[in-house]
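Q: Hey, can you walk me through this structure? I'd like to start with one helix and then zoom out.

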Amino acid sequence: MDNTFSTYKIDDRSLIAFIKREIHNLALQLGFSAHRAAETDIIISELTSNLIKYAKGGELLYRAHFNDGYNEIEIYCLDKGIGIDNVGRMMSDGYSSSSTLGHGLGAIKRLSNDFQIYSMRNWGTVQYVKICEKADFPVPVPQNGLSYGAVALNYPGEKVCGDGYHVKHSRRGFQIFMGDGLGHGEKANEAVQLAIKIFKQSAEFEPSAIIRDIHSDVKKSRGLVATIASVDYNTETWTICGVGNINTRLHNGLENKTYTPYNGIIGHNIPRTLTSTTIPYKKHQILVMHSDGLRTRWNLNEFTSIFKQIPGIIASSVLKENIRGNDDATILVAKII
């Protein structure tokens, strides 16, 4: 299993049966019981039929994921419909806005292990669903003061992603890597996965030192751009260093700072001097990192009450509005809690 999501554009009711069957088979492959796979079918039916009925179409992203010793299916449902005025009311089992039985969102919430929804009037809706192989499996509580979520999509038609990310924890703090191999496809994937391997193995904590290590070891690859952000619990600081066009922003409430990376290509040419930027580490900060598969002219302050949402909802909301569609696209959001 990798970190990327498969994606389907839902614009016709005839697609629903195909997508439901594909995710049903995936659930069985992961070891879901027949009963749990049937519950997954209900969730997919509700999500996709709502896209057609209320939003006139949208997009369904899904992936199989192995997390803390159990298998799960993660789903994002994105649309640009009229939005939902009263999410709490719509989440109630039995409520219907179209004279149906009203199983809808209430059924999704009841049958999933985690269900989150964000909506704005005339903007649309983003839904996140986690379905674990066991219906009663509790959602893990984020540890070490960090909660993060990410969405990665392949370049259309490609089987592998040229973007990659990894989060590494230690007693000293944590480190976040985001990279983008040049181009797309297998060669780009090989470059970024080699960089992630080096990042995982590195004993260095300073981002600039890790960038140099990666540069030395990926010279036979196509090369990549990357940014690393580290948090040191002892000094209560972020240190950030990057080469190439990974967009990195750190939000403190309504204020945000964009980190400016160095010019160059890791594995080919990087500056002789690399210096990490140091920023105070505080609770409730939000870090956003993404590849150039997304446009950069977005502003979280334009999303009503977005800061209280889970990282995955924030990430998918930005992605929904800003994906270019002509490259791999990856966005990671980390919240300090």
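**A helix, a sheet and the whole chain**

A: Sure! Keep in mind that this is a predicted model. Let's begin just after α2, where K56 takes a positive phi of about 60°.

Q: And α2 itself, how far apart are its end C-alpha atoms?
A: They are 30 Å apart. Helix α2 has 21 residues (34–54), and at 1.5 Å a residue these should span 30 Å, so the two values agree.

Q: OK, new topic: what's the strand order in the open sheet of 5 strands?
A: The order is β6-β15-β14-β11-β12, and the pairing is antiparallel.

Q: Which ones are the edge strands?
A: Those are β6 (146–153) and β12 (255–259), since each of them pairs on one side only. On average, neighbouring strands in this sheet are turned by 15° against each other, ignoring direction.

Q: How many bridges join β11 to β14?
A: There are 5 bridges between β11 (residues 247–252) and β14 (residues 286–290), and the two strands run antiparallel. For a specific pair, T248 stands opposite M289 in β14.

Q: Zooming out, how many helices and strands does the chain have?
A: It has 7 helices and 15 strands. The chain's radius of gyration is 20 Å, close to the 20 Å from the globule rule for 337 residues, so the chain is as compact as a globular protein of that length.

Q: What share of the residues is buried?
A: Buried residues make up 55% of the 337. The chain exposes about 15,500 Å², with carbon and sulfur atoms supplying 48% of that.

Technical notes:
Residues numbered from 1 in each chain as written. Predicted model: local features only at pLDDT ≥ 70, side-chain atom pairs only at ≥ 80, totals over all residues. Heavy atoms only, no water. Helix = DSSP H or I, 4+ residues; strand = E, 2+ residues; numbered from the N terminus. Expected span 1.5 Å × (residues − 1). Pairing = 2+ DSSP bridges. Axes fitted to C-alpha atoms, helices over the stretch in contact; angles between N-to-C directions. Rg over C-alpha atoms; globule rule 2.2 N^0.38 Å. Buried < 20%, exposed > 50% of the residue type's maximum accessible area, 1.4 Å probe, protein only. Areas by Shrake-Rupley, 256 points an atom, 1.4 Å probe, with all protein chains shown as cover.
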